[in-house]
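Dear colleague,

Please find below the structure I am handing over to you. My notes on it follow directly after.

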Amino acid sequence: MEMVPSTMTEMWTTMGSTIASFMFIWAIIRQYCPYELRRYFEKYTHTIMTYFSPYIKISIHEFTGDRLKRSEAYVAVEGYLSVNSSKTAKRLKAEMGKDSNNLVLSMDEYEKVTDEFRGAKVWWVASKVVSATRPMAYYPEQEKRFYRLTFHKRYREMITGAYLEHVVKEGKEIKVRNRQRKLYTNSPGYKWPSYKQTMWSHIVFEHPATFGTMALEPDKKKEIIEDLVTFSESKEFYARIGKAWKRGYLLYGPPGTGKSTMIAAMANLLNYDVYDLELTAVKDNTELRKLLIETTSKSIIVIEDIDCSLDLTGQRKKKGGKAMADDEKERKEVKEESGNSKVTLSGLLNFIDGLWSACGGERLIVFTTNYVEKLDPALIRRGRMDKHIELSYCGFEGFKVLAKNYLNLETHPLFDAIDGLMKEVKITPADVAENLMPKSPLDDAEKCLWSLIQALEEAKEEAEAEAAAAKKVVEQSQDGGGVCSENCLAEKASE
Ligand SMILES: Nc1ncnc2c1ncn2[C@@H]1O[C@H](COP(=O)(O)OP(=O)(O)OP(=O)(O)O)[C@@H](O)[C@H]1O
Ligand SMILES: [Mg+2]
């Protein structure tokens with residue numbers, strides 16, 4: 001006959017004695033049974049308990065198969081819990097976060113936190129198993145970390161669908177926000193040993209430039225920011241039109257107009273890593289391909305001074321302005337500067353087009369040059385370099401941004417004089433910035449503005465002298481009856 005407990009006390013007593021009997025039997029089994037039998041017993045007890053339990057458990061392991069790469073799911077959950085658990089968990093661990101000046105908290109091992117989603121309660125535990133076997137005696141014990149999610153079976157569909165999707169999406173965003181961004185470079189002339197994992201070396205990327213601090217016409221600035229933000233939010237769009245999620249920018253203009261600064265501002269705006277690709281250090285097209293495959297998404301791949309990097313154009317000018325003749329000597333010079341690199345134009349074009357489709361998405365590729373007109377049109381056609389941005393001499397609006405940055409001035413009686421001079425002479429933002437920089441602790445804002453006015457006046461005098469010299473050459477050539485081309489005049493004037 002079945003015994004029915006009449007009171008609560010009797011029920012607790014029955015339960016207590018059942019658990020005690022079970023523990024006693026289990027202790028005997030552990031003590032006396034052989035290992036195989038014990039394992040057998042454990043396995044079936046576990047199966048029976050799982051069968052009756054209304055809860056479902058999902059484990060997300062740090063490493064799956066490939067021990068070298070952390071599982072993306074684990075990293076996303078870690079990110080999600082770093083924010084969602086830090087409010088409720090009692091034991092937390094702290095790690096250095098973005099820019100090395102803030103600590104990112106996450107739940108400590110064996111800590112349990114509760115989360116709620118559309119009325120359903122779930123539990124997360126951070127756990128680990130220590131594997132007893134070591135591959136070598138001197139290797140540390142292998143710890144296998146994992147997160148375990150527990151929820152009631154009645155929420156199965158919602159948790160395995162919408163909730164996990166929400167965790168992964170939010171977790172990834174949190175990770176991106178907290179990560180330390182990196183500046184990667186491929187070291188020139190360095191032979192990578194075969195055991196080295198990557199061809200890139202990196203440091204933490206901490207450039208302070210932003211679009212806010214850039215001297216640029218406001219409309220142009222707005223247009224570039226919108227273009228970048230639209231790109232970063234267009235994952236679905238690119239997928240729909242069947243195009244790889246990448247965009248090429250060509251930044252061109254005279255030296256010191258902010259091309260490199262803009263790359264840093266782009267990286268800071270979008271929270272991307274930067275890969276500074278030194279083409280002259282790349283042995284050949286195969287190596288170029290390898291480097292590119294190793295880049296990660298959410299990154300900007302930069303080739304600075306593309307015209308100087310390689311003899312891709314067949315022509316070259318010296319930085320600083322004066323054109324150089326296209327003779328043999330120069331070609332040799334280019335070859336020497338580019339080491340023994342055998343990267344070709346077609347290799348570079350393949351890298352921009354072909355490979356992209358295969359290596360994920362969300363990459364910007366930026367070329368900079370001082371001489372856009374000398375680049376091969378194939379290299380910079382739309383579709384490869386989608387947006388061409390000219391960075392030019394400093395206008396008054398640009399000056400105002402720099403005056404605010406450097407001197408904290410929004411207006412000053414000397415601004416009008418500067419505005420007038422800027423309309424007459426060309427000056428790069430780099431030169432304006434240099435003049436606005438206090439040279440001693442005693443320099444006040446007015447002294448810096450005077451320094452700029454003086455630089456502008458000197459530039460004006462120089463330009464006037466050049467114009468006068470050019471005029472003289474024209475007059476002389478007319479007197480002598482000779483015909484002189486525009487280039488010839490420019491050369492004579494510069495003499
Ligand atoms: N548009 C700008 N806004 C703010 N600062 C600028 C700007 N352009 C140049 N500068 C200042 O001038 C310095 C040089 O600029 P940058 O290196 O970006 O020029 P660049 O166009 O890349 O020159 P190059 O063609 O020689 O590589 C920067 O450190 C920055 O302080
Ligand atoms: Mg530069």
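Domain 2 (183–390) and domain 3 (396–494) each contribute at least three residues to the shell around ligand 1. Please bear in mind that this is a predicted model. There are 15 residues around ligand 1, and those that come nearest are Pro255, Gly258, Thr261, Pro429 and Ala430. Two helices, H7 (259–270) and H15 (429–436), each provide at least two residues of that shell. By character, the shell around ligand 1 consists of eight nonpolar residues, six polar ones and one charged one.

I also examined helix H5, which runs over residues 218–232. Its 15 residues reach 21 Å from the first C-alpha to the last, close to the 21 Å expected at 1.5 Å a residue. Which residues of H5 are buried? They are Ile224, Leu228 and Phe231. Seen down the axis of H5, the buried residues fall within an arc of 65 degrees, so they line one face of the helix. This agrees with a general rule: an α-helix has 3.6 residues a turn, so residues three or four places apart point the same way. Strand E9 (246–252), H7 and strand E13 (387–390) are among the elements that cover the buried residues of H5. On the face turned away from the buried side of H5 lie the exposed residues Pro218, Asp219, Lys222, Glu226, Val229 and Thr230.

Finally, some totals for the protein. Its secondary structure comprises 17 helices and 13 strands. Of its 495 residues, 22% count as buried. Among contacts with a separation of 6 or more, 71% join residues 24 or more positions apart.

With kind regards

Note on methods. Residues are numbered from 1 along each chain as its sequence is written. Chains are lettered from A and ligands numbered from 1 in the order in which they are written. This is a predicted model: local features need pLDDT of at least 70, side-chain atom pairs count only at pLDDT 80 or more; totals for chains, interfaces and linings use all residues. A residue is near a molecule or strand if its C-beta atom, placed from the backbone, lies within 6 Å of it. Helices (H or I, at least four residues) and strands (E, at least two) are DSSP runs, numbered from the N terminus. Ala, Val, Leu, Ile, Met, Phe, Trp, Tyr, Cys and Pro count as nonpolar, Asp, Glu, Lys and Arg as charged, and the others, Gly among them, as polar. Domain bounds come from an automatic or database domain assignment. The expected span of a helix is 1.5 Å times one less than its number of residues. A residue is buried if 20 or more other C-beta atoms lie within 10 Å of its own, exposed if 12 or fewer, and partly exposed in between; C-beta atoms are placed from the backbone. The arc is that of the directions from the helix axis to the C-beta atoms. Two residues are in contact if their C-beta atoms, placed from the backbone, lie within 7 Å.
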